Amino acid sequence: MEIIDRLSKLSALMLLGCSCMPALAVSTPVNGYVLERVVILSRHGVRSPTKQTDLMNNVTPDKWPQWPVQAGYLTPQGEHLMTLMGGFYRDYFRSHNLLPAQGCPTDGSLYVWADIDQRTRLTGQAFLAGVAPECDLKIHHQADLKTTDALFHPVEAGICKLDKQQTQQAVEKQLGAPLATLSQRYALPLAQMGEILNFAASPYCKEMQTKGQSCDFASFTPNQIHLSPNGQKVSLSGPLALSSTLSEIFLLQYAQGMPEVAWQRLSGEDNWRSLMSLHNEQFNLMAKTPYIASHKGTPLLKEISATLAGQQGTLKRPANNRILFIAGHDTNIANIAGMLGLNWELPHQPDNTPPGGGLVFELWNNPQDRQQYVSVKMFYQTIEQLRNGEKLDMHHPAGMVQVAIAGCENSNSSGLCSLKDLQKKVSQAIQPACQLSMQ
């Protein structure tokens, strides 16, 4: 408990340094500007853990809870929460005249593209059920559900590949130190994870003790990068990577409404934020590092840029499309953030890319000079909104933070970046070898 008390004080200091806008602050329209078009890159909703590994069972003496769906599937609770988020988007877009005040949107104006996974496809459907109920709109996705959609996963699809040496160097540059320092840098939250797991009584530690060896969670295995021989799969192993997975599972348990979360050893916003710092750092290194992000995020970023500019991308959207909802993954959001230099923390939500959260790109037009500007925001449900399944509307809004676009040369008085400047940043950030050919 001493470690958790120390972590609470540390987290409080970290929060004091956060420059985020308050949670639940919904922006008002830019003075005199007109919202023309929106792209939402959304993470899927609450899902079950994607897998149950031997290592997960070996680091704790306690049993992991059962989920109501198979591994990696969107849960009924996740579907419900995503529908609530869709309802909030409906009210938000209506307030900006992007959706009609009554009735259904015009054909083609609202378009949903989802990755092939069950959790992303159902997320797209749940979004439509909230944003346009009783309108019988359909989602779109790749016809072949057994082949990787390269829009979301160009490296895994074999469009381009990563180099092991460049990946290692890029990650350590992002960290600002050798990977060997990770456990020392995150000693307190790793110790917190060890306590939550009751690691000292785990099967792993018992085996080590029989061999006369010490057992410490922060150092039970080294932090290492692994890249497959074909350059299509990159991963991080070690205490931080494992903690990233497990802390995310605890948050999913909480959002699922499970009665016992983390065996009742985790409570309080400060402790949540401390523990989830391990998850956020893993994403910072393995998804936001520019070298990795540019390889994995190029197709999506080009699609976002083309949509904002009113151009046709690879999705073949209707010409009158005004709202594009892309149902993807937290890694996709982090890739785009890494490419554009976007950084944020979310008040009352310790996960920087939480279930159902959306990175929202808005295109605003100034009628006076017809200049176009882009606003980037992160919309999300707070950890308690997820837990309680709270209804969302303009009077009880979802959380939102405004996200600055790093290095934007031409901003308006509200700090929005000109579309031309964003397109320039996109052209500089993309990896040409990872582009998709137009169908």
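**Close-up 1. Who sits next to Ser 109?** Two residues are in contact when heavy atoms of one lie within 4.5 Å of heavy atoms of the other. Keep that in mind here, and remember that everything you see is a predicted model. Ser 109 is found in the loop that runs between helix H3 (76–95) and strand E2 (110–114). Buried or exposed: which word fits Ser 109? Its relative accessible area is 8%, and buried means under 20%, so Ser 109 counts as buried. Leaving aside residues up to four places away in sequence, Ser 109 touches Asn 320, Asn 321, Arg 322 and Ile 323.

**Close-up 2. Strand E1 has a partner in each sense.** Start with strand E1, residues 34–43, where eight of the ten residues are buried. One partner of E1 is strand E7 (residues 358–366): the two run antiparallel and are joined by eight bridges. To spot this pairing, look for Val 38, whose bridge partner in E7 is Glu 362. Another partner is strand E6 (residues 323–328), which pairs with E1 in the parallel sense over six bridges. Here you can look for Leu 41, bridged to Ile 326 in E6.

**Close-up 3. Helix H12 is mostly covered.** How many of the eleven residues of H12 are buried? Ten of them are, in a helix that spans residues 330–340. The buried set includes nonpolar residues you may recognise, among them Ile 333, Ile 336 and Leu 340. Asp 330, Asn 332 and Asn 335 are on the buried list too. Just after the helix comes Gly 341, with a positive phi near 70°.

**Close-up 4. Here is the largest nonpolar core.** This core holds 50 residues, and the ones with the most contacts inside it are Leu 197, Leu 246, Phe 250 and Trp 272. Plenty of elements chip in two or more residues each: helices H5 (164–175), H7 (187–197), H8 (203–210), H9 (239–256), H10 (269–286) and H11 (290–308), plus strands E4 (224–227) and E5 (234–237). Helix H9 gives the largest share, with eight residues. A second core of 39 residues lies apart from this one, and its members include Val 39, Ala 337, Val 426 and Ala 429. You've already met Ala 337, since it is one of the buried residues of H12.

**Close-up 5. Zoom in on Leu 246.** Which residues does Leu 246 touch, not counting those up to four places away in sequence? They are Met 56, Val 59, Trp 64, Met 193 and Leu 197. Leu 197 and Leu 246 both belong to the group with the most contacts inside the largest core.

**Close-up 6. Cys 104 and Cys 135 link two loops.** The model has four disulfides in total. In this one, Cys 104 is joined to Cys 135, with 2.1 Å from S to S. The bond is left-handed, with -95° about the S-S bond. Cys 104 sits in the loop between H3 and E2, while Cys 135 sits in the loop between helix H4 (118–131) and strand E3 (140–141), so the link ties together parts 31 residues apart in sequence. Cys 104 is partly exposed at 40% relative accessibility, whereas Cys 135 is buried at 13%.

**Close-up 7. Cys 160 and Cys 434 reach across the sequence.** A disulfide with an S to S distance of 2.0 Å joins Cys 160 to Cys 434. Its torsion about the S-S bond is about 105°, so this link is right-handed. Cys 160 lies in the loop between E3 and H5, and Cys 434 lies in the segment after helix H14 (419–429), so the bond ties together parts 274 residues apart in sequence. Both ends are tucked away: Cys 160 is buried at 8% relative accessible area, and Cys 434 is buried at 0%.

**Close-up 8. Cys 205 and Cys 215 join helix H8 to a loop.** In this disulfide the sulfurs of Cys 205 and Cys 215 are 1.9 Å apart. With a torsion of about -70° around the S-S bond, the link is left-handed. Cys 205 is in helix H8 and Cys 215 is in the loop between H8 and E4, so the pair ties together parts ten residues apart in sequence. Cys 205 is buried, at 1% relative accessibility, but Cys 215 is partly exposed, at 26%. Number the bonded cysteines in sequence order and the pairing reads 1-2, 3-8, 4-5, 6-7.

Technical notes:
Residues numbered from 1 in each chain as written. Predicted model: local features only at pLDDT ≥ 70, side-chain atom pairs only at ≥ 80, totals over all residues. Heavy atoms only, no water. Buried < 20%, exposed > 50% of the residue type's maximum accessible area, 1.4 Å probe, protein only. Helix = DSSP H or I, 4+ residues; strand = E, 2+ residues; numbered from the N terminus. Core = buried A, V, L, I, M, F, W, Y, C linked by side-chain atoms within 4.5 Å. Pairing = 2+ DSSP bridges. Disulfide = S-S within 2.5 Å.
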